[in-house]
Amino acid sequence: VCSMGNSTSRLYSVLAKTLSSGAVSQHQDCLEQLDPARLDPIDPKDLLEECQIVLQKRPPRFQRNFVNLKKNAASNHRPIRVMQWNILAQALGEGKDNFVQCPMEALKWEERKCLILEEILAYKPDILCLQEVDHYFDTFEPLLSRLGYQCTFFPKPWSPCLDVERNNGPDGCALFFLKDRFELVNSANIRLTAMKLKTNQVAIAQTLKCHETGRLFCIAVTHLKARTGWERFRSAQGCDLLQNLKNITQGAKIPLIVCGDFNAEPTEEVYREFSNSSLNLNSAYKLLSPDGQSEPPYTTWKIRPSGECRHTLDYIWYSQHALNVNSALGLLTEEQIGPNRLPSFNYPSDHLSLVCDFSFNQDPDRLL
């Protein structure tokens, strides 16, 4: 792992090996040598080629198409592509989540990380919001920083990954943005509270300045408490996050995009809180429905010992007075997902990635 070399095309040593948590302390000097500021940039095409070499025995990745949603005239600036994805923590996928129809061979990190990277490289997001990241320091930060992203990670204080033998440390939320498109103005790591108590769930909120337009906007990523029976808890966490975001955006003066696995169906209170917030948020993926009012039928689909779980839990919220959704990536069909559901040899997570292209409204205060 130490001998990554300076070549931008010889990346296989990075992809083929991942430090285990036991190896981290033994290779601390090596990790310090991998300071991204001192590493050469990577050509995304070279990294994609390396991924495809690793994945050559797997089925090809699913094809998904963008749906054009923009009704107005063309914007005078490049759209901002935002990708939201719960990538499935490696420790949980192998040790706790118990996907009964997914062969363990499909969850091997050496290959699964290449499927994740292939999905990211395919859609080339300007901003990437991830949940359940437990290989940040040995995989995502070293590689994505060399692709031109500024990287931030905030782990859960009591990550369930730590209960799994041979884990790779805690999982958490991660936020990445392209430095050639945006400048970081402010960053906040938020530990969410519920009933005035600090919880195990977190968020990252960053105010960015778009180089092209000079406009400020805030991007946030979060992952709320899972499981049935915790609806009031999620609602309290959502209220806390909204209050933090109101302060950060100066009461919606700064446009906002919130990505997350909310672990909540649209029928839950936390969804209504975001829908009815004074921040004037709308859920981007509703725009794929015929009436623009309905969420997708699913964003996660898996089979566990308790049965089949098909839910809509993942969202990209945006300030509808200040931002337009130009397009959104269509979801995988039931036929593509297949009878064994997710994850699989084709797809690395039990959650689907969501991708939207945004542009700024010319008159953001008009609809506020």
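This is a short walk through the two sheets, the helices packed on them, the cavities and the backbone outliers of one predicted model.

Let me start with the seven-stranded sheet. It is open, and its strand order is β1-β14-β15-β2-β3-β5-β4. The pairing is mixed. At the edges sit β1, residues 66-68, and β4, residues 149-155. Each of those two pairs on one side only. Between neighbouring strands the turn is 20° on average, direction ignored.

Now look at one pair in that sheet. Strand β3 covers residues 127-133, and strand β5 covers 172-178. They run antiparallel, with five bridges between them. If you want a register marker, take L130, which stands opposite A174 in β5.

Two helices pack on this sheet. Take α6 to begin with. It touches β1, β2, β3, β14 and β15. Its direction makes about 160° with that of β2, residues 80-86. Next comes α7. That helix touches β3, β4 and β5. Its direction makes about 160° with that of β4. So much for the helices against the strands.

How do α6 and α7 pack against each other? Helix α6 is residues 109-123, and helix α7 is residues 136-146. The angle is about 35°, and the axes are 12 Å apart. The crossing of α6 past α7 is right-handed. From α6, the contact uses W109, K113, I116 and L117. From α7, it uses T139, F140 and L143. By class, that contact has five nonpolar residues, one polar and one charged.

Helix α6 has another partner, α4, which spans residues 44-54. Here the angle is about 140°, with the axes 9 Å apart. This time the crossing is left-handed. On the α4 side we have P44, L47, L48, C51, Q52 and V54. On the α6 side we have E110, E111, C114, L117, E118 and L121. The class count is eight nonpolar, one polar and three charged. Keep L117 in mind: it meets α7, and it also belongs to the contact with α4.

E118 turns up again when we look for internal space. How many cavities of 30 Å³ or more does a search of the whole structure find? Two. The second largest holds about 30 Å³. Its lining is R61, F62, L115, E118, E119, N346, Y347 and P348. Four of those are nonpolar, one is polar and three are charged. So E118 lines that cavity and also takes part in the contact of α4 with α6.

On to the other sheet. It has six strands and is open too, in the order β6-β7-β8-β9-β13-β10. Its pairing is mixed. The edge strands are β6, residues 182-194, and β10, residues 281-283. Twist from one strand to the next averages 20°. Strands β6 and β7 run antiparallel and share eleven bridges. One bridge pairs A188 with A205 in β7.

Which helix lies across this sheet? It is α8, over β6, β7, β8, β9 and β10. It runs at about 150° to β6.

That brings us to the largest pocket. Its volume is about 860 Å³. The lining counts 33 residues. Nearest the centre are K225, A226, R227, N263 and R304. Four elements are named as giving two or more residues to the lining: β7 (197-210), α8 (231-248), β11 (300-304) and β12 (307-311). By class the lining divides into nine nonpolar, ten polar and 14 charged.

R227 deserves a second look. It sits in the loop between β8, residues 216-223, and α8. Its phi is positive, about 85°, and it is not a glycine. A general reminder here: most residues other than glycine have a negative phi, and most peptide bonds are trans. R227 is therefore an exception on phi, and it is one of the residues nearest the centre of the largest pocket.

There is a peptide-bond exception as well. The bond from L342 to P343 is cis, with omega near -10°. P343 lies in the loop between α10, residues 334-337, and β15.

To finish, three places to open in your viewer. L117 on α6, at the contact with α4. R227, by the centre of the largest pocket. And the cis bond from L342 to P343.

Terms used. Residues are numbered from 1 along each chain as its sequence is written. This is a predicted model: local features need pLDDT of at least 70, side-chain atom pairs count only at pLDDT 80 or more; totals for chains, interfaces and linings use all residues. Side-chain values use heavy atoms; hydrogens and water are left out. Axes are lines fitted to C-alpha atoms, for helices over the stretch in contact, and angles run from 0 to 180 degrees between N-to-C directions. A crossing is left-handed if the near helix is turned anticlockwise from the far one by less than a right angle, and right-handed if clockwise. Contact means heavy atoms within 4.5 Å. Ala, Val, Leu, Ile, Met, Phe, Trp, Tyr, Cys and Pro count as nonpolar, Asp, Glu, Lys and Arg as charged, and the others, Gly among them, as polar. Two strands pair if DSSP finds at least two bridges between them. On a 1 Å grid over the protein atoms alone, a cavity is a set of points where a 1.4 Å probe fits but cannot get out, and a pocket is an open set with protein on both sides within 12 Å along at least five of seven lines; lining residues have an atom within 4 Å of a point. Grid points are joined across faces, edges and corners, and a volume is the space filled by probe spheres set on the points.
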